[in-house]
Structure formats: C-alpha cells, structure tokens
Amino acid sequence: MVSSANSASVDLLGTVDLLHRYVEKALCEEVFDEVRDRERRRVWTLERLSEFWIAVILRAPASLTQALSEGMGGGGHFPSVEGTRQGFFERCRTLSPVFFSTLFERFCSLVTKSEPARFASQESVLIRRFGHIFLLDGSSLDRVARRLKALREDRRIPLAGSIAAAYDLGLGAPTAIAFERTPQGKELPMARALLAKLPPGSLCIGDRLYGIPKFFEALSNAGLWGLCRRSRITNLERVKRLSVTSHGDERIEDWLVDYGTGVNTTTQRLRYIRWTDGRRSREVLTNVLDPARLSAADALRLYEERWSVERMFYDLKEVLNLHRFYAANTNAVAMQVYAAAMVYVAMRVAQGRIAQEVNIEPEAISPKRLFPKVAAASSSLTNSELAFEATCQVNPHVTLKKPDWRQFPFTRARVVEILRETRDKHRRRRPRCPAAERCRPLPRPPRRPTA
C-alpha cells in the first residue's frame with residue numbers, strides 16, 4: 001500500500017494552518033484574563049509572545065536577538081511589535097509559565113475535539129473502549145549554554161529542567177505536559193499532577209517507576225485505569241489465579257493480587273500478569289480487574305506501545321530543536337517547551353491527515369523528514385505573502401488577485417520523501433557521561449511584581 005502512494009504529493013501547510021486557526025487573539029486573550037492575577041497588559045502580549053516563540057520553533061534562528069531584529073526590522077519571518085528587545089527579555093524573565101501551559105492545554109482541547117484518532121489503528125478497539133489511552137513518561141531536558149555570569153564559576157552542568165507528558169496514543173501527540181525547573185527526581189509528582197487533566201475513564205500506561213501502590217491509588221482517585229510494569233521493590237500477595245495459557249515455551253499467567261503489603265502502604269487490589277518465554281519475562285499490573293475489558297494478551301501487547309512516548313521526546317529535542325535553549329532562565333525555557341509542544345501537536349495532526357489522504361499508516365511517515373519540509377514551506381509562504389504585499393503597494397491603482405499558493409511547488413512534497421526508514425535493530429547506545437550527574441538547575445525566576 002505504501003509503495004503505491006510513493007508517487008503522490010501531499011500538502012505541507014497543514015501544520016501552519018492549524019497553528020493559525022487555533023492560536024488566535026481571542027484564545028490568548030481568554031487565557032490571559034483567566035490566569036492573570038496582578039499581571040498587567042504590556043506591549044509584548046501573550047498573543048505576540050506565543051506567535052514569536054512558535055516562529056522560533058519553526059525557523060530555528062541563530063539567536064533570539066537575530067529573530068527580534070528581523071521582526072522589528074519588518075522582515076516578516078517573525079511577528080513585528082513596537083516593543084524593544086530589552087522589553088522582550090524582561091517579559092520572558094518575569095511572565096509566569098502558567099500562561100503558556102494553559103494556552104497549550106486549550107490548544108490541545110480544541111484540536112482533540114475536531115480531530116479523530118488516526119494513530120495506533122491496531123489498538124482502535126481498545127481506544128474506543130476506554131475513550132483515550134495515555135502513555136505517561138518524563139524526561140530531563142538538555143544542558144544550557146553558559147550564558148550567565150552566575151554560571152561561569154560553577155563547574156556543575158546547568159540543566160534546563162524536566163518535563164512529564166501524557167501522550168494520547170490515538171492522537172499521536174501529548175495533550176498534557178508539566179514543566180519543572182528541577183532537572184531530576186520530579187517525574188512521579190509531575191505525572192500525578194497530570195492525572196487531574198485527563199478525561200475520567202481513560203487508560204494510563206507507565207513504566208516501572210509508576211508501578212507502585214501510591215500511583216495506582218492516585219489513578220483510582222482520579223477515576224482512571226492504569227497499566228504499569230511491576231516495581232520489584234513492592235511486595236504482592238496472590239489471591240486468585242484467573243487464567244493461565246501456554247504455547248510452547250511461552251506462558252501467560254493472570255492473577256488477582258493484593259499489591260503493597262507493607263505496614264506503611266495502602267494495599268491495592270490489582271491484576272498481576274506475567275509473561276515468560278524461556279529466560280525472558282515481563283510483569284505488568286493493572287487495576288482493570290475484569291479480564292473481559294482488558295485481556296492479559298491485550299495488556300502485554302498494549303504495554304509495547306510505550307516506545308511512542310520515547311519517540312515523542314526524541315522528536316521534541318532533535319527535530320524541534322528543544323535540545324538548544326535560547327535563554328538561560330526557567331520562564332523562557334518553559335515558553336520554548338510549550339511552544340515546541342504546540343508545534344509538535346499540529347505537526348502530528350497534519351501527519352495523520354497526510355497519511356489518510358494517501359491511504360497509509362501515520363507511523364510510516366517520519367517527523368524528522370516531514371518537519372524540515374513544513375518549516376521550509378512556511379518560510380516560502382511568508383516570502384510569497386511579503387512579495388505580493390510589496391507588489392500591491394507599488395501598484396496602488398491596480399487590483400491584483402492573490403495567487404493560490406497551494407498550487408505552487410513549495411507547498412507540496414512527494415510521499416517517498418517523507419517516509420520513515422527501517423532502523424537497524426542493533427543500535428548503538430549513547431555513552432553515559434559521568435559529568436551529567438553533577439548538574440544544577442537554572443536560577444529561580446524573580447518574584448512577580450505586586451502592581
């Protein structure tokens with residue numbers, strides 16, 4: 001099916017259209033009015049800041065100073081504003097990241113209401129059964145260049161912080177993200193905070209870090225289902241064997257257990273599913289106690305989908321340039337993180353539309369190949385719009401008709417150019433850097449002004 005679609009061409013402007021459609025002035029004003037406490041309206045409004053940071057993600061300038069100079073010089077590639085560069089940096093330093101996190105959540109809410117689940121078609125039955133399936137995971141952000149004088153004498157590596165995400169398996173993108181200035185050790189608290197933002201009845205999948213009684217208790221309190229790998233540090237007591245199946249060396253056991261039998265632990269009644277195949281084994285736990293709702297085979301297969309959230313972190317860092325930070329303060333880093341997340345959601349929705357258009361699976365398309373073409377198409381579209389406006393200005397008495405830009409070659413790409421390559425199973429592991437353990441967070445942001 002993929003080979004028959006290789007010769008087709010697809011539209012590249014879907015990502016840009018989504019961002020312009022949803023991240024509009026009315027949404028930014030609504031978010032600002034809801035979140036603001038004592039924050040005053042300034043020249044650098046939330047709308048201008050979001051437009052600017054999205055443009056930074058799309059075009060990856062050499063520095064923020066360069067991007068600001070182009071915008072204030074009327075270059076068109078970045079939003080123009082009458083404010084100063086000093087005003088922009090001060091705004092990024094003092095504006096709370098809650099504004100951007102709320103804007104991201106509203107953006108995702110609008111997208112999920114209008115876009116169907118196009119990813120993970122092999123799990124479509126389970127997605128419809130639970131409404132949503134979320135993959136929970138966290139990741140530390142990369143180091144920050146030593147731009148601050150306060151960092152020069154400290155030999156520890158300054159890390160930008162950490163993020164935790166709830167990745168919607170059907171949408172193929174995160175719909176909730178938490179940012180923390182502390183680089184390490186906050187993943188589980190951030191993930192618990194994300195649970196309140198997920199629709200009740202959804203199924204959440206996590207690795208061994210989440211497979212503890214307290215997290216299952218938090219899932220139950222939020223009205224959510226969970227599927228996590230067993231943590232070996234927690235005891236369990238078998239109550240009843242529900243089923244056992246064998247096929248050659250492969251064996252699947254399904255037990256009803258009491259998980260967390262210690263004195264200071266709240267015991268959880270869960271299902272314990274153990275798969276063995278010779279020397280290989282895997283143990284998962286779920287609070288879905290009815291095997292008819294989630295069978296043991298489905299649970300083990302569904303856990304394998306966790307690689308999707310790991311791929312998302314890779315795409316955010318490598319494809320959307322989140323491994324490079326333009327400012328060395330936590331508020332600006334948070335703005336860049338949430339702007340990159342919005343671009344990623346729009347890109348994945350466009351990826352799903354492209355796949356549906358040419359009748360292939362969305363996972364067959366490579367974000368690493370698609371995004372540079374989308375960014376180039378966005379830049380070419382901006383240049384074309386500027387050229388048309390300049391032509392209209394020098395011909396004031398002539399009524400000119402704007403061309404249909406989608407008929408131009410720069411707005412389309414052949415499918416074969418954006419397909420994912422088959423990766424070698426024997427991949428090299430990144431060498432561990434001992435110096436990475438000697439890290440420090442960025443300086444705390446200043447207190448918000450009282451007036």
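**Warm-up**

Ring pairs link W44, F52, W53, F88 and F89 into a cluster; rings of Phe, Tyr and Trp (its six-membered ring) pair if their centres lie within 6.5 Å. The model is predicted, so to speak of local features takes pLDDT of at least 70 and side-chain atom pairs count only at pLDDT 80 or more, while totals for chains, interfaces and linings use all residues. Residues are numbered from 1 along each chain as its sequence is written, and side-chain values use heavy atoms, leaving out hydrogens and water.

**Exercise 1.** Classify the ring pair F104 and Y338, and find which parts of the chain the pair ties together.

*Solution.* Start with the count, which comes to 12 aromatic pairs. Next, recall the classes: planes under 30 degrees apart are stacked, over 60 edge-to-face, and the rest tilted. The ring centres of F104 and Y338 are 6.1 Å apart with planes at 45°, so this pair is tilted. Now place the residues: F104 belongs to helix 6 (residues 98-114) and Y338 to helix 12, so parts 234 residues apart in sequence are tied together. Helices here are DSSP runs of H or I with at least four residues, and strands are E runs of at least two, numbered from the N terminus. Finally, F104 and Y338 are both buried, meaning under 20% relative accessible area (exposed is over 50%, partly exposed in between; 1.4 Å probe, protein chains only).

**Exercise 2.** Which residues touch the most other members of the largest nonpolar core?

*Solution.* First the rule: such a core is a set of buried Ala, Val, Leu, Ile, Met, Phe, Trp, Tyr and Cys residues joined through side-chain atoms within 4.5 Å. Among the 110 residues of the largest one, the answer is F52, W53, F88, F107 and L141. Helix 12 (residues 330-358) gives the most to this core, with 19 residues.

**Exercise 3.** Describe the surroundings of strand 6 (residues 203-206) and decide whether C204 is in a disulfide.

*Solution.* Begin with the faces: L203 and I205 on one side, and C204 and G206 on the other, are all buried. Then the neighbours: strand 2 (residues 133-140) runs parallel to strand 6 and is joined to it by three bridges, where two strands pair if DSSP finds at least two bridges between them. Strand 7 (residues 225-229) also pairs with strand 6 in the parallel sense, over four bridges. Last, the sulfurs: a disulfide needs two cysteine sulfur atoms within 2.5 Å, and the count comes to zero. C204 is in none, as the nearest cysteine sulfur, that of C228, is 8.3 Å away.
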